[in-house]
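Grab a coffee and work through these exercises with the structure open beside you. Try each task before you read its solution.

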Amino acid sequence: AKARNILQQHYHEGKKDVIAAVRELLHGNSGRCPLLSHLSQYQEHLLFEGAETQAFALGDFLVTRGQADCKGIYIVLKGTIKACSVSNKDESRELGRNSVAGDMVTLYNQAPSNVFCTSPSHTLLLSADLLQRMFGDKLKDELLKNRVVSFLAQHKPFDSFNPEQLEAIASIGEVVDVIPGQEVIREGVCLALCIFGEGVEAQIMDDKPESAGFINAKKMSGVVGHALGGDRIVAEVRGVMPWKLRANISNDMQARMMVWGSALDSLLAFSMLRRENSLLAAGESVEAETPDRGDARRSPSMKIAVLHDDKVGALRKVLVFRTLTDEQLRELADSLEAEIAEAGKTIFSQGDPAEEFYIIHTGLVEVKIDGRKVRSLSVGDYVGERALLFSEPRSAAVHAVADSELWRIGREAFVRCVTGPILDYMKERIAFQNTKVEIESLNCSRVVGRGGVGIVEMGHL
């Protein structure tokens, strides 16, 4: 009994450390790990339940080059960890707080570098089993996106972009294998990023006079996350001109690159960003403006639409607005006003009078009823329709969890355009949200999980 009590005490002390670490990663003020930035409540529960904390001493190895299996991935909580090339000692990358180590073993069953502690460090270990339960068949996509976002943030001009923009960039890149003994030739490239392996010899095949002065060849490593073409993106005022990429590898270990075509320039509207930067550098004011796109092609997704400032395109991607005519969409778009909400700001409180409907342009907001969190909303989601539809005070409070930009539509424009099927859908959605089901009225269909805090059952009425 004494031994059991000691084990239980150690278990509960360990869980306290895990809970504190996970809370800080999810809701702390020291930034977020991209991998954990969009978890559902169920995924958060799995994380709290299944993660472990693990401490390492100075010089301890987390991963060794060539390693084919791994406990899982490590998220740095405290201390510094270094990923270091074996073939080139000068190629290394410091992994600070919120960085991920061990992801390449999970992705490609092979570690491309040594990863070791340069100071006493604490990590959060997410086992392979936990990762599979959290992300399912999307695990590799999420790990790849996390790595690309982390690498992009190291390079100009991407170091000034917010997480949503970086994720949107990652989503349109294409992975290219660089196999020993084979040469890669790719036309129409605007940016190349080495994400795995080392010793990649990459070259921009461009003999135009205007290419002089740019970096046209580079030996690239996925340990560091080298990029080729970023200097052109920063400098080319009239849009990024695609080029031909030639790449091969100088060792016997396969490498992988991510490349972007001309869609990259369209996605981020770099010409606007460069114009603003040049005006600021010259000491001139920068007026907020929406480009006149005329009959430009519609944006293929909400993220691309909002990042491209395509208000009509963004509205069309909001589910409830899909039945609106082009004229109605333009009317709504003309009435949109941008509102910046810094992290922690209250957008509206429960009981407030209602005059606006909001679409989340960038960032993350949280909805609370009577102080209890009921949901989180991010890019493309909307909030505030209930009070406008029923002419009642706000039924919930909304706060910005991260720095956010909201697109605000006034009551008059909203009521004028939201009619017919849209109105019916919104009212049905609200009626469903109002449905209250008592736990006692549910019948258990099957048990879907067990853990230290209880049992998860699937139920039906």
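**Exercise 1: a pair and its surroundings**

Glu-366 and Lys-373 join their side chains in a salt bridge, with N and O 3.8 Å apart. Keep in mind that the model is predicted.

Task: work out whether Glu-366 is buried or exposed, and do the like for Lys-373.

Solution. Start with the cut-offs: buried means under 20% relative accessible area, and exposed means over 50%. Glu-366 comes in at 12%, so this residue counts as buried. Lys-373 has 26%, so the lysine counts as partly exposed.

While you're on salt bridges, look at Glu-337, Glu-339, Lys-345 and Arg-408: shared partners join them into one network. How many salt bridges does the structure hold? The count is 20.

**Exercise 2: a bridge inside a helix**

Task: find the salt-bridge partner of Lys-145, then say why the two are about one helical turn apart.

Solution. First, the partner: Lys-145 bridges to Glu-142, and their closest N and O atoms are 3.4 Å apart. Next, place them both in helix α5, which spans residues 139-152. They sit three residues apart there, so about one helical turn separates them. Last, check the surface: Lys-145 has a relative accessible area of 23%, which makes it partly exposed.

**Exercise 3: a bridge between strands**

Task: Glu-187 and Lys-244 form a salt bridge; which strands does the pair tie together?

Solution. Begin with the distance, which is 3.5 Å from N to O. Now locate the partners: Glu-187 belongs to strand β10 (residues 184-189) and Lys-244 to strand β15 (residues 243-249). The pair therefore ties together parts that are 57 residues apart in sequence. Finish with accessibility: Glu-187 is exposed at 55%, while Lys-244 is partly exposed at 29%.

**Exercise 4: reading a sheet**

Task: take the open sheet of four strands and identify its edge strands. Then find which residue in β14 is the bridge partner of Ala-192, and which strands α5 lies across.

Solution. Write down the strand order, β9-β16-β11-β14, with antiparallel pairing. The edges are β9 (174-178) and β14 (227-228), each of which pairs on one side only. Then zoom in on β11 (residues 191-196), which pairs with β14 in the antiparallel sense over two bridges. Ala-192 has Leu-228 of β14 as its bridge partner. Now bring back the helix from Exercise 2: α5 lies across β9, β11 and β16 (255-260). Against β11, α5 runs at about 120°.

Conventions: Residues numbered from 1 in each chain as written. Predicted model: local features only at pLDDT ≥ 70, side-chain atom pairs only at ≥ 80, totals over all residues. Heavy atoms only, no water. Salt bridge = Lys/Arg side-chain N within 4 Å of Asp/Glu carboxyl O. Buried < 20%, exposed > 50% of the residue type's maximum accessible area, 1.4 Å probe, protein only. Pairing = 2+ DSSP bridges. Contact = heavy atoms within 4.5 Å. Axes fitted to C-alpha atoms, helices over the stretch in contact; angles between N-to-C directions.
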